[in-house]
Amino acid sequence: MPWEVGGPVGGPVAPLMTAMVAESVERNRTNVYSRLTSLATIAAVAGAAFSSVVSSVVPDYYHLLFLVAMVLNAVSILFSLFLTERRDRVEKATRQDIIPRKSGRNILFISLSGAFGSVGLGMVIPLISLWFKMESLSTPEISVIFDISYIAAAVLVNFSPYFERRIGMINSVVLFRILGSVLLVFIPFLPAMGAAAIYILRTGFYQMALPIRQNFSMTVFAAEERSRGSSLTGLSRRLPYGFATTAGSVLLASGMYLALFLTAGTVSLLDPILYYLFFHGRERRGAVSDAAAAPPQQ
């Protein structure tokens, strides 16, 4: 999703951004991640709306859009020059520590559970617009569905800190990811507009788990391994997501819609199940990382 801190749009710097937030914020970290996610989502919707307006009123709109994009990127780079790192709180990584060792177990668990979620989503989400098209929805209608789903995510994600406080980090992640996975299965059984409503709800619920999950990951990764841990867990999501899209396209082209959504929902459901099995009870013990129990490095 484009609004993730540490998500696809950020590319190689996204894990660094996620780690820098964790380094700078000790309390209410989920609240910060929620606000960043919400603002990024709103900005993405605003950018899409701007492009739509420009393309409809400006004849040679490609040049203008690329120019605006270059200016915005330049401004973003300018602001990044004012960021500072508190290196006194983080050990310098040595050459042999390029592969995280202190947080390796937690990175493996988060990567494994996230990979199943990515396989399930990868089978459907990149193809959902084609499915809506097959359900006789027009391109403007599909565009509105996506816009509303982004807005729903931007609004609902602000409630993530509340649920984290009420039921805990792990329970919140499991709850919202289960809702996002189960609702996916109902889409092919409903008429087009009902399916659109379910898609909007599942997008909002699924994204509500994101800032909580980011906070928990940053909590269980050793401070000097947060950026590398985020990179590895991100890689474990993106690669399966891409391969799963190929499998999903085969099922879609074959007209096996029920099999597509049922398989996607079932596989993605393994994400919260494994997350619960791996980490249930960790936050009651302080959600300490592997590093907390590891002997000091000589």
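Begin by selecting Arg177 in this predicted model. Arg177 has a relative accessible area of 8% and counts as buried, because the limit for that label is under 20%. The residue is located in helix H8, which spans residues 169-186.

With Arg177 still selected, display its surroundings. Setting aside residues up to four places away in sequence, Arg177 touches Tyr206, Ala209, Leu210, Arg213, Asp271 and Pro272. Two of these contacts merit individual inspection. At Tyr206, the backbone oxygen is 3.1 Å from a polar atom of the Arg177 side chain. At Asp271, Arg177 forms a salt bridge in which the closest N and O atoms are 3.6 Å apart. Asp271 belongs to helix H11 (residues 257-279) and Arg177 to helix H8, so this pair ties together parts that are 94 residues apart in sequence.

Next, centre the view on Asp271. Is this residue buried or exposed? Asp271 is buried, with a relative accessible area of 1%. Add Arg213 to the selection: its side chain meets that of Asp271 in a salt bridge, at 2.9 Å from N to O. Since Arg213 lies in helix H9 and Asp271 in helix H11, the pair ties together parts that are 58 residues apart in sequence. Arg213, at 10% relative accessibility, is likewise classed as buried. Show the three residues together: Arg177, Arg213 and Asp271 are linked in a network of salt bridges.

How many salt bridges does the structure hold? There are three. For the one between Lys102 and Glu224, select both side chains, which meet at 2.6 Å from N to O. Lys102 is found in the loop between helix H3 (61-80) and helix H4 (104-124), and Glu224 in the loop between helix H9 (192-220) and helix H10 (226-253), so the pair ties together parts that are 122 residues apart in sequence. Both ends of this bridge are buried: Lys102 has a relative accessible area of 17%, and Glu224 stands at 15% relative accessibility.

Now turn to the nonpolar interior. The largest nonpolar core has 29 residues, and those with the most contacts inside it are Val124, Phe132, Ile187 and Tyr199. Colour the contributing elements: H4, helix H5 (128-134), helix H6 (139-156), H8, H9, H10 and H11 each give two or more residues to this core. Which element gives the most? The answer is H9, with seven residues.

Select Val124 for a local view of this core. Beyond its neighbours within four places in sequence, Val124 is in contact with Leu184, Leu260, Phe261 and Ala264. A further core, of 21 residues, lies apart from the largest one; among its members are Phe109, Ile170, Ile212 and Phe216.

Finish at the surface by selecting Leu64, Leu67, Val71, Val75, Leu78, Phe79, Leu81 and Phe82. Together these residues form a nonpolar patch with about 830 Å² of accessible area. Within the patch, zoom in on Leu64, which lies in helix H3. Leu64 is partly exposed, with a relative accessible area of 32%.

Notes. Residues numbered from 1 in each chain as written. Predicted model: local features only at pLDDT ≥ 70, side-chain atom pairs only at ≥ 80, totals over all residues. Heavy atoms only, no water. Salt bridge = Lys/Arg side-chain N within 4 Å of Asp/Glu carboxyl O. Helix = DSSP H or I, 4+ residues; strand = E, 2+ residues; numbered from the N terminus. Buried < 20%, exposed > 50% of the residue type's maximum accessible area, 1.4 Å probe, protein only. Patch = residues over 30% accessible without salt bridge, like charges linked within 9 Å, V, L, I, M, F, W, Y side chains within 5 Å. Areas by Shrake-Rupley, 256 points an atom, 1.4 Å probe, with all protein chains shown as cover. Polar contact = N/O pair within 3.5 Å; in protein donor to acceptor, adjacent residues only side chain to side chain. Contact = heavy atoms within 4.5 Å. Core = buried A, V, L, I, M, F, W, Y, C linked by side-chain atoms within 4.5 Å.
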